[in-house]
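Q: Hey, can you walk me through this one? I'd like to go piece by piece.

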Amino acid sequence: MIAPMLEVEGLTAGYGRTVVLRDVSLALGQGEILAVLGKNGMGKSTLLKTVMGFLAPMAGSVSLEGRDVSGQPPHLTARAGVAYTPQEYTIFQDLTVEENLRLGVPDDTTFAERAEMLRDHFPRMLERSRQRAGTLSGGEQKMLIMSRALLARPRLMLIDEVSEGLQPSMINRMAEVLTRVREGFGTSILIVEQHLAFALSIADRYAVLKLGEIVEEGEAGDPAAAGVLGEHMKV
Ligand SMILES: Nc1ncnc2c1ncn2[C@@H]1O[C@H](COP(=O)(O)OP(=O)(O)O)[C@@H](O)[C@H]1O
Ligand SMILES: [Mg+2]
């Protein structure tokens, strides 16, 4: 049996002594897209930070392709093929768009080989390559963060609320790009979201996080999903 790309088992994590995630278990197969849904403050970002290694688990484990990586520092997780796009805007404002993009690849040759891919996905990133990144609009900065992650050719992407603050047309573009990346490269994607329609349009399965616990799971295509989810997502 092939080990899942990502397996989280009985994960408990938080900040200092404050427990945020409680006994969370989930698995993500190769090339699979799982959407973890939940309102503000439910622990979505904490989950991704713990998987990436920014936070050490208090209990439970995180495994990548069968290898226990619990508590492994983020740069090693990245080296293992995991790309993380945080909820915050994490570009270098004073560098150009291209300089920011180059941070996603090990060397110039790799950049030259892969940059072409952006012409399809986010052409604006090539058109604006010499522009200072801090002068991009909020939506363009999100594109830049996503482009940098894609240039790393990750095997697993951890995507934190990429739809937040984006116009509908940009949200559609993100959905299209992520769907194509999965088809083209077999990339596994763990996406955390409050935007149900967007998340369910790209995901195979969903799980709902409520106060740090998974309270509901299902197939994204299940027509009952929207109703069940609506209940959990009410303010
Ligand atoms: N750095 C931090 N220190 C202490 N508590 C935090 C920190 N970051 C988040 N929290 C708390 O953890 C809980 C979950 O936050 P978070 O994972 O950001 O939720 P979500 O991403 O679903 O909005 C919230 O109660 C939040 O206040
Ligand atoms: Mg969050």
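A: Sure. It is a predicted model. Let's start with a strand pair: β6 and β7 (residues 156-160) run parallel and are joined by 4 bridges.

Q: Which residue stands opposite A83 in β7?
A: M157 in β7 stands opposite A83.

Q: And which way do the residues of β6 point?
A: They split. V82 and Y84 point one way from β6 (residues 82-85). A83 and T85 point the other way, and all of them are buried.

Q: What sheet is that pair part of?
A: An open sheet of 6 strands, in the order β6-β7-β8-β3-β9-β10. The pairing in that sheet is mixed.

Q: What does "mixed" draw on?
A: Strands of a sheet pair through backbone hydrogen bonds, either parallel or antiparallel. Here β6 and β7 are parallel, while β9 (residues 205-210) and β10 are antiparallel, over 6 bridges.

Q: Which strands stand at the edges of it?
A: β6 and β10 (213-219). Each has a single partner strand, so one side of each is left without a neighbour in the sheet.

Q: How much is the twist from one strand to the next?
A: It averages 15°.

Q: Back to β9 and β10. What is the bridge partner of Y206?
A: G218, in β10.

Q: What packs on this sheet?
A: Helix α1 does. It touches β3 (33-37), β6, β7, β8 (188-193) and β9. The direction of α1 makes about 150° with that of β7.

Q: OK, other sheet. What is the order of the one with 4 strands?
A: β2-β1-β4-β5, open, with antiparallel pairing. β2 and β5 stand at the edges with a single partner strand each, so one side of each has no neighbour in the sheet.

Q: What does α1 touch in that sheet?
A: α1 packs on this sheet too, touching β1, β2 and β4. Its direction makes about 115° with that of β1.

Q: How many bridges join β1 to β2?
A: There are 7, and the two strands run antiparallel. One position to look at is L6, which stands opposite L28 in β2.

Q: And how many join β1 to β4?
A: 5 bridges, again with antiparallel strands. β1 covers residues 6-15 and β4 covers residues 59-64. T12 stands opposite A59 in β4.

Q: What about β4 and β5?
A: They are antiparallel, with 2 bridges, and β5 is residues 67-68. S63 has D68 as its bridge partner in β5. The hairpin has 2 residues between the strands, and E65 in it takes a positive phi near 45°.

Q: Why do you bother to mention a positive phi?
A: Most residues other than glycine have a negative phi.

Q: Where else does a residue other than glycine have a positive phi?
A: L211 is one of them, with phi near 45°. L211 lies in the loop between β9 and β10. It has 13 C-beta neighbours inside 10 Å, so it counts as partly exposed. R153 is another, at about 50°. R153 sits in the loop between α6 (138-151) and β7, and is partly exposed, with 17 other C-beta atoms within 10 Å.

Q: Let's go back to α1. How many of its residues are buried?
A: 8 of its 9 residues, so α1 is mostly covered. Among the buried ones are K44, L47, K49 and V51.

Q: What follows α1?
A: G53, with a positive phi near 110°.

Q: New topic: which residues are around ligand 1?
A: Y15, T18, V20, G38, N40, G41, M42, G43, K44, S45 and T46. Two elements give two or more residues to that shell: β2 (18-28) and α1 (44-52). The largest share comes from α1, with 3 residues.

Q: How many residues of that shell are nonpolar, polar and charged?
A: 3 are nonpolar, 7 are polar and 1 is charged.

Q: Zoom out. How many helices and strands does the protein chain have?
A: It has 9 helices and 10 strands. The radius of gyration is 17 Å, close to the 18 Å that the globule rule gives for 235 residues, so the chain is as compact as a globular protein of that length.

Q: What does the C-alpha trace span?
A: About 45 × 40 × 35 Å along its principal axes.

Q: How much of the chain counts as buried?
A: 38% of the 235 residues. As for contacts between residues at least 6 apart in sequence, 67% join residues at least 24 apart.

Terms used
Residues are numbered from 1 along each chain as its sequence is written. Chains are lettered from A and ligands numbered from 1 in the order in which they are written. This is a predicted model: local features need pLDDT of at least 70, side-chain atom pairs count only at pLDDT 80 or more; totals for chains, interfaces and linings use all residues. Two strands pair if DSSP finds at least two bridges between them. A residue is near a molecule or strand if its C-beta atom, placed from the backbone, lies within 6 Å of it. Ala, Val, Leu, Ile, Met, Phe, Trp, Tyr, Cys and Pro count as nonpolar, Asp, Glu, Lys and Arg as charged, and the others, Gly among them, as polar. The radius of gyration is taken over C-alpha atoms; the globule rule is 2.2 Å times the number of residues to the power 0.38. A residue is buried if 20 or more other C-beta atoms lie within 10 Å of its own, exposed if 12 or fewer, and partly exposed in between; C-beta atoms are placed from the backbone. Two residues are in contact if their C-beta atoms, placed from the backbone, lie within 7 Å. Axes are lines fitted to C-alpha atoms, for helices over the stretch in contact, and angles run from 0 to 180 degrees between N-to-C directions.
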